[in-house]
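Reader: I'd like to go through this model with you and ask how each label was earned. Could you start with the term we'll need first?

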Amino acid sequence: MGDAPLRQRPDHAVEEPGSDHAVPTKLKALILSLAFEGLGVGYLIVFVAAYLPENGLGPNSVGLLLGLFGLVTLAAALPIGLLSDRKGRKKIFLLGLFGFPFELLVFSLTSSLLFLVASVVCIALSEAANLTTWNAIMADQTASGNRDKTFSLAFTVNLASIGIGSSIPLAFPLLQQALGFDVGTIHRAFMALVALMAFTSPVAASILLRGYHEIPKTEGPKRRIGSVSKLLKFSGINSLVGLGSGFIIPLVPTWLLLKFQVSDSYSGPLLGVAGITIGLAAFASPRLTRRYGQVRTIAMVQGVGTIFMLGTGLAPTALLAASFYLGRAAFMNMASPLSDSYLMGIIEKEQRGFASALNSVMWNLPNSASTIVGGFILASGNYSIPFLLATLFYAASAGLFYTAFRSVEARN
């Protein structure tokens with residue numbers, strides 16, 4: 001497709017880019033424009049999971065906020081996904097992007113748990129709009145030859161921007177010394193700043209999507225049933241990763257604070273480095289799939305990531321735990337863009353919005369529930385149990401995925 005406007009064709013996916021394996025130019029620009037939103041997401045993660053606990057919010061409340069985010073996201077995802085397939089994805093996608101900066105501003109203005117809960121609910125709605133449309137929008141503009149590369153680029157940019165946002169607190173001790181402000185004032189000032197920067201993403205996306213026109217399609221019942229069967233199997237297995245991850249991954253900064261007394265000045269940059277590491281690792285994904293195939297590559301990297309997960313929970317020092325965590329992040333998340341790309345290729349084009357929504361629901365439902373449980377486990381002082389539970393479910397998911405899909409090839 002090259003420099004041509006983004007456009008969904010009525011009878012087939014865009015095939016032109018697949019011939020040279022290049023990411024379409026306008027789609028690449030759209031991917032890069034979302035980095036400003038990722039910056040806000042990264043800083044928000046540290047703000048909630050590390051700064052708020054340091055300032056009186058208990059791990060139970062942190063778990064509540066994070067778990068509530070997932071629960072609302074999954075409740076909204078299916079209706080939004082179905083609506084996007086029938087009415088179009090562009091408007092829903094842009095509405096979610098435009099809402100996010102306003103929701104970030106709430107965190108810069110108040111510490112009231114009630115207002116934070118309300119903001120988290122709104123952020124979850126924005127996230128649901130994004131999750132159910134973004135993969136479908138990318139898949140509509142790519143073919144089998146360049147889809148893995150496109151999804152890997154999007155994943156890399158997203159994780160790198162989140163990583164930079166998570167690393168912002170690294171500069172706070174120096175700013176405190178230089179300016180004489182307390183850490184709370186600096187945190188909230190930067191939250192307002194990243195919220196303003198996040199407005200860049202929806203403005204740029206609305207310009208880049210001006211040439212994107214969607215044409216609703218219909219399909220036969222037999223194709224629909226076969227596609228949904230694959231989707232349910234894929235999402236069911238993937239939900240095990242969500243379940244395992246929820247016990248500890250959203251709570252890693254809280255875990256580092258409780259077990260090793262590591263503040264957000266260090267845990268935030270760790271998340272940032274992890275995000276950048278994941279992004280760089282994702283560049284290797286398309287090469288691995290060309291050699292081993294999508295299914296085998298996904299199963300392999302998830303298996304290695306599972307080993308690093310176990311090592312993180314058993315590490316006796318903060319430095320060793322951080323090292324294992326970086327390895328876990330790189331390998332487990334190397335599979336993410338490949339999984340998204342693979343899913344878009346095994347289901348019908350007309351169901352991509354619904355597929356993204358259902359897969360999100362199936363991942364976030366157990367993830368949200370286990371995050372709440374993980375917060376209570378950490379509050380009880382059992383710091384290794386969440387990692388052991390995560391390891392168990394990660395291993396089960398990798399094994400089941402390879403068994404179920406080793407003979408299923410992505411075609412759409």
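Author: Gladly! A salt bridge here is a side-chain nitrogen of Lys or Arg within 4 Å of a carboxyl oxygen of Asp or Glu. Before we use it, note that this is a predicted model, in which local features need pLDDT of at least 70 and side-chain atom pairs count only at pLDDT 80 or more, while totals for chains, interfaces and linings use all residues. Residues are numbered from 1 along each chain as its sequence is written, and side-chain values use heavy atoms, with hydrogens and water left out.

Reader: What makes the meeting of D140 and R89 a salt bridge?

Author: The N to O distance between their side chains is 2.5 Å. The rule asks for an Arg or Lys nitrogen within 4 Å of an Asp or Glu carboxyl oxygen, so this pair qualifies. In general, side chains of opposite charge can pair when their charged atoms come close.

Reader: How many salt bridges does the rule give?

Author: The count is 2. The other one joins R352 to D140, with the closest N and O atoms 3.2 Å apart. That value is also within the cut-off, so the name applies here too. Together, R89, D140 and R352 are linked in a network of salt bridges.

Reader: Why can one say that the pair of D140 and R89 ties together parts of the chain?

Author: Look at where the partners sit: D140 belongs to helix α6 (residues 134-140), whereas R89 is in the loop between α3 (59-87) and α4 (90-109), so the pair ties together parts 51 residues apart in sequence. The pair of R352 and D140 also links distant parts, helix α17 and helix α6, 212 residues apart. Helices are DSSP runs of H or I with at least four residues (strands are E runs of at least two), numbered from the N terminus.

Reader: How do you know whether D140 and R352 are buried or exposed?

Author: Buried means under 20% relative accessible area, exposed means over 50%, and partly exposed is in between (1.4 Å probe, protein chains only). D140 has 6% and R352 has 1%. Both values fall under the buried limit, so both residues are called buried. R89 is buried as well.

Reader: What makes the contact of N367 with G242 a polar one?

Author: A polar contact needs two N or O atoms within 3.5 Å; within protein, one must be able to donate a hydrogen and the other to accept it, and sequence neighbours count only if both atoms are side-chain atoms. The N367 side chain reaches the backbone oxygen of G242 at 2.9 Å, which is within that limit. N367 lies in helix α17 (residues 352-379), and at 8% relative accessible area it is buried.

Reader: Now the surface. Why are F98, V203 and I207 called a nonpolar patch?

Author: Patch members have over 30% relative accessible area and no salt bridge; nonpolar side chains (Val, Leu, Ile, Met, Phe, Trp, Tyr) are joined within 5 Å, like charges within 9 Å. V203, in helix α10 (residues 200-208), has 43% and counts as partly exposed, so it passes the accessibility test for a patch. The patch covers about 240 Å². Within it, V203 and F98 are 105 residues apart in sequence, with their C-alpha atoms 8.0 Å apart.

Reader: And which residues form the positive surface patch?

Author: K28, K149, R287 and R290 form it. Lys and Arg count as positive and Asp and Glu as negative, with His and the chain ends not counted, so the name fits these members. K149, in helix α7 (residues 147-167), is partly exposed at 46%.

Reader: What makes Q261 stand out in its backbone?

Author: Q261 has a positive phi of about 55 degrees although it is not a glycine. Q261 sits in the loop between α12 (252-260) and α13 (264-282). At 61% relative accessible area, Q261 is above the exposed limit and is therefore called exposed.

Reader: Last one: how far apart in space are S161 and G42?

Author: Their C-alpha atoms are 7.2 Å apart, although 119 residues separate them in sequence. S161 lies in helix α7 and, at 5%, is buried.

Definitions and conventions
Accessible areas come from the Shrake-Rupley method with a 1.4 Å probe; for residues, only the protein chains shown count as cover. The place of a charge is taken as NZ of Lys, CZ of Arg, CG of Asp or CD of Glu.
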